[in-house]
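Colleague: Got a minute to walk me through this model? I'd like to go through the helix packing and then the strands.

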Amino acid sequence: MSRIFEITEKIRDYAPKADIDLVNRAYVFAAQAHAEQRRSSGELYITHPLSVASILADLRLDTTTIATGLLHDTVEDTHVSMDDIETRFGSEIAYLVNGVTKIGQFHFESSDHKKAENFRKMIIATAQDLRVLLVKLADRMHNMRTLNFVSTEKAKRVSQETMELYIPLAHRLGIHWIKQEMEDIAFSHIEPESYQHIVDLLKGKLEFFQETQVKLEHILQEAMARQGFQTKVQGRMKHLYSLYQKMQHKQVSFDEIYDIVAFRLIVDDSSTCYQALGVIHSLYRPVPGRFKDYIALPKPNGYQSLHTSIMGPENHRIEVQIRSQAMHQHAEDGIAAHWIYKGKQSSPQEQERLLWIKQLTELLQESENPTEFMESVRLDLFIQEVYVFSRDGDIYALPRGARPLDFAYAVHTDLGHHCIGARINGIMGDLQTKLRNGDQIEVLTSPDQEPSRNWLRYVKTPKARQAIRHYYRRQDSYISRRMGQKIIQEVLGTPPTPKLIETLHCNSLEDLEIKLGQGDLNVDSLLEQAEHTLRLPLHSLQHIQYGADCCHPIPGDAVLARMVKKRGMELHYRDCPYVLNNHEQAWLEADWHAKPKQLYPTAIEVHTEDLRGMLSHVTGLIAKLEANINDLNLEQRAGEMTHIHILILVSDRIHLAKILRGIRLIDGVIKVKRKNHRELTPHRSTGIGDAVKGMIAKGRRSLLQSTKKIRGKSS
């Protein structure tokens with residue numbers, strides 16, 4: 001357990017003039033607030049804030065951040081209010097504590113919703129002050145270290161969340177040691193058997209690895225000294241989770257992994273890094289294709305080093321990293337290493353490395369669905385590995401598997417929206433071409449181009465995915481409102497009153513129009529509430545036409561609907577000739593539900609042999625299956641064939657299917673089919689006027705899209 005004096009001594013080591021009194025006051029306040037509390041381990045609760053503060057001191061952060069670490073749970077878990085924090089410690093610390101504090105006063109639809117909103121709150125606060133996220137990572141780091149004191153189920157759940165969110169965050173911030181430690185702990189709880197298997201395998205070769213490490217450290221140190229370089233050589237074994245990942249991704253056994261031992265050479269500056277690389281390659285043969293220059297092309301989190309793999313003693317493959325002292329400090333502590341203690345602003349380069357936080361805030365502002373937001377966050381936090389160039393030479397880091405569209409949206413949203421193609425290294429490429437390291441991309445655009453929903457199937461970046469979704473969300477909202485306005489006009493014929501809008505649980509007339517157009521509010525509800533609120537006679541709005549002179553749709557069919565003034569709603573089968581010939585009208589898709597005990601007209605045609613009693617068998621079967629015959633015609637054909645045209649009343653498509661199957665089993669029946677077009681014109685109208693109560697019209701696609709689709713079919 002960390003003690004307060006140990007923490008203050010750490011601070012004095014890297015900041016002799018630090019405000020130690022602030023840290024001590026925060027400790028006393030937190031100790032009093034948590035005095036009656038204990039953790040799952042049985043320890044006093046104050047051990048947790050002390051451990052968080054110690055981790056923050058290891059990152060060499062300022063006393064304001066360390067005081068926040070001591071106070072971070074006081075508002076959430078004790079009687080302390082945010083006003084108390086601000087009064088005693090000032091607005092800066094109050095802001096940081098509030099940013100870390102979970103949202104506990106609101107009702108959420110689900111635990112995932114609550115998790116998303118808590119994460120959303122933290123990212124918003126982090127966009128204003130990065131220290132919020134640093135405190136949260138330190139908090140999660142200590143909670144991971146004490147997972148053995150909670151239930152197995154909770155430990156696995158927390159570990160999974162850590163893998164999905166907090167480890168990628170630590171990686172993006174470049175805090176390598178926190179990332180690795182959390183990975184190994186999470187691995188031990190998520191895959192305990194695999195974890196123990198790796199541990200057992202390492203035990204068997206531990207002595208050999210240690211001997212190799214000591215021997216090679218000495219060889220490399222002497223070789224660098226002979227060239228006059230001041231070098232610090234560090235040998236280390238790869239952490240357990242990275243070994244497990246390599247075995248999984250490359251489908252190899254533990255014995256086939258040759259770079260379990262890795263070495264780090266820390267030199268004075270970047271030019272010496274390249275000289276050191278020459279020394280290493282003169283000693284041992286480099287492995288082809290295993291050299292990476294992260295000094296010339298830093299990773300998105302600012303990480304810089306030269307990476308090479310060599311064939312070391314006894315032909316064991318060994319990984320070597322070469323970096324300057326400044327690069328090493330950043331590699332270990334990431335952005336925290338650049339946090340200027342005296343409060344100076346970060347450099348433009350450091351601000352550019354934190355653009356991903358700004359992008360996350362943009363995602364959360366555009367995401368209405370918590371699940372969609374968390375999906376985007378998880379995708380955005382994964383390691384970016386493909387580096388491509390614009391025509392002007394600007395470099396962009398994209399996820400592996402990214403396409404030209406991802407690049408276009410990374411440059412600018414409008415560029416993505418109007419993208420029609422791309423030149424990759426000067427050659428025309430398909431929008432679905434996967435980009436590779438070093439590709440130079442030139443985006444081709446057209447002002448007439450619009451995003452396609454199909455793009456969502458292959459874009460990789462959350463920014464591209466979110467931009468496309470947002471585009472269609474805005475379009476759908478506009479078109480849905482137009483559709484809703486037409487429904488109100490045709491169904492009610494009068495503007496809805498504020499009371500009707502309130503009764504329908506809508507916030508405004510616009511909200512009512514959009515909900516009607518989207519299908520979130522069905523026509524039945526509008527009619528019922530209109531009768532009750534506006535005192536409109538419901539029977540005057542109930543006349544509904546079922547394609548009476550042409551297609552005879554029934555519930556379950558793919559139907560389109562249109563509002564007919566003073567007549568109500570008219571339904572037609574999607575491929576009805578009437579629809580195709582009147583595509584300019586405002587059609588919307590309808591989800592038609594059958595009303596209990598209601599029968600609907602449709603037409604069938606039965607081809608039979610000309611046998612005695614055949615008509616009786618067919619009509620008897622229809623009656624047996626509880627359907628009514630509304631009209632019937634016989635047509636004698638050459639070759640002793642009879643065609644029977646029947647207009648029957650059925651409850652839905654399932655009922656109709658039973659009838660068709662039954663007729664097919666009658667001896668002498670050659671063929672039976674449904675007729676949905678002008679091939680049959682009934683002698684009289686079906687006259688059904690009360691079926692509106694059993695139908696729900698839903699605008700599943702926009703009015704414009706439906707119209708475009710109909711036009712395509714009629715052309």
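Modeller: Sure, one term up front. A crossing is left-handed if the near helix is turned anticlockwise from the far one by less than a right angle, and right-handed if clockwise. Helices (H or I, at least four residues) and strands (E, at least two) are DSSP runs, numbered from the N terminus.

Colleague: And the ground rules?

Modeller: This is a predicted model, where local features need pLDDT of at least 70, side-chain atom pairs count only at pLDDT 80 or more, and totals for chains, interfaces and linings use all residues. Residues are numbered from 1 along each chain as its sequence is written, and side-chain values use heavy atoms, with hydrogens and water left out.

Colleague: How many helices and strands are there in the protein?

Modeller: The protein has 28 helices and 18 strands. Of its 715 residues, 51% count as buried. Buried means under 20% relative accessible area, exposed over 50%, and partly exposed in between, with a 1.4 Å probe and protein chains only.

Colleague: Helices now. At what angle do the axes of H9 and H10 cross?

Modeller: Roughly 140°, and the axes come within 11 Å. H9 covers residues 131-145 and H10 covers residues 152-173. Axes are lines fitted to C-alpha atoms, for helices over the stretch in contact, and angles run from 0 to 180 degrees between N-to-C directions.

Colleague: What does that make H9 relative to H10?

Modeller: That angle makes H9 oblique to H10. Angles under 35 degrees count as roughly parallel, over 145 as roughly antiparallel, 65 to 115 as roughly perpendicular and the rest as oblique. H9 passes H10 in a left-handed crossing.

Colleague: Which residues in H9 meet H10?

Modeller: Leu 133, Leu 134, Lys 136, Leu 137, Arg 140 and Met 144. In H10, their partners include Val 158, Glu 161, Tyr 166 and Leu 173. Contact means heavy atoms within 4.5 Å. By class, the contact of H9 with H10 has nine nonpolar, two polar and three charged residues. Ala, Val, Leu, Ile, Met, Phe, Trp, Tyr, Cys and Pro count as nonpolar, Asp, Glu, Lys and Arg as charged, and the others, Gly among them, as polar.

Colleague: What about H26 and H27, left-handed or right-handed?

Modeller: H26 passes H27 in a right-handed crossing. Val 618, Leu 621 and Ile 622 of H26 touch Ile 659, Gly 662 and Ile 663 of H27. That contact of H26 with H27 has five nonpolar, one polar and no charged residues.

Colleague: On to strands. Is E5 mostly covered or exposed?

Modeller: Mostly covered: seven of the eight residues in E5 (residues 317-324) are buried.

Colleague: Which strands pair with E5?

Modeller: E2 (residues 261-267) runs parallel to E5, joined by six bridges. E4 (residues 306-311) pairs with E5 in the antiparallel sense, over six bridges. Two strands pair if DSSP finds at least two bridges between them.

Colleague: What is the bridge partner of Thr 308 in E5?

Modeller: Val 320. Arg 264 stands opposite Gln 321 in E5. In the hairpin of E4 and E5, five residues lie between the strands, and Glu 314 takes a positive phi near 55°.

Colleague: And how many residues lie between E6 and E7?

Modeller: Four, in a hairpin where Gly 393 in the turn has a positive phi of about 95°. E6 (residues 386-390) and E7 (residues 395-398) run antiparallel, joined by four bridges. Tyr 387 has Ala 397 in E7 as its bridge partner.
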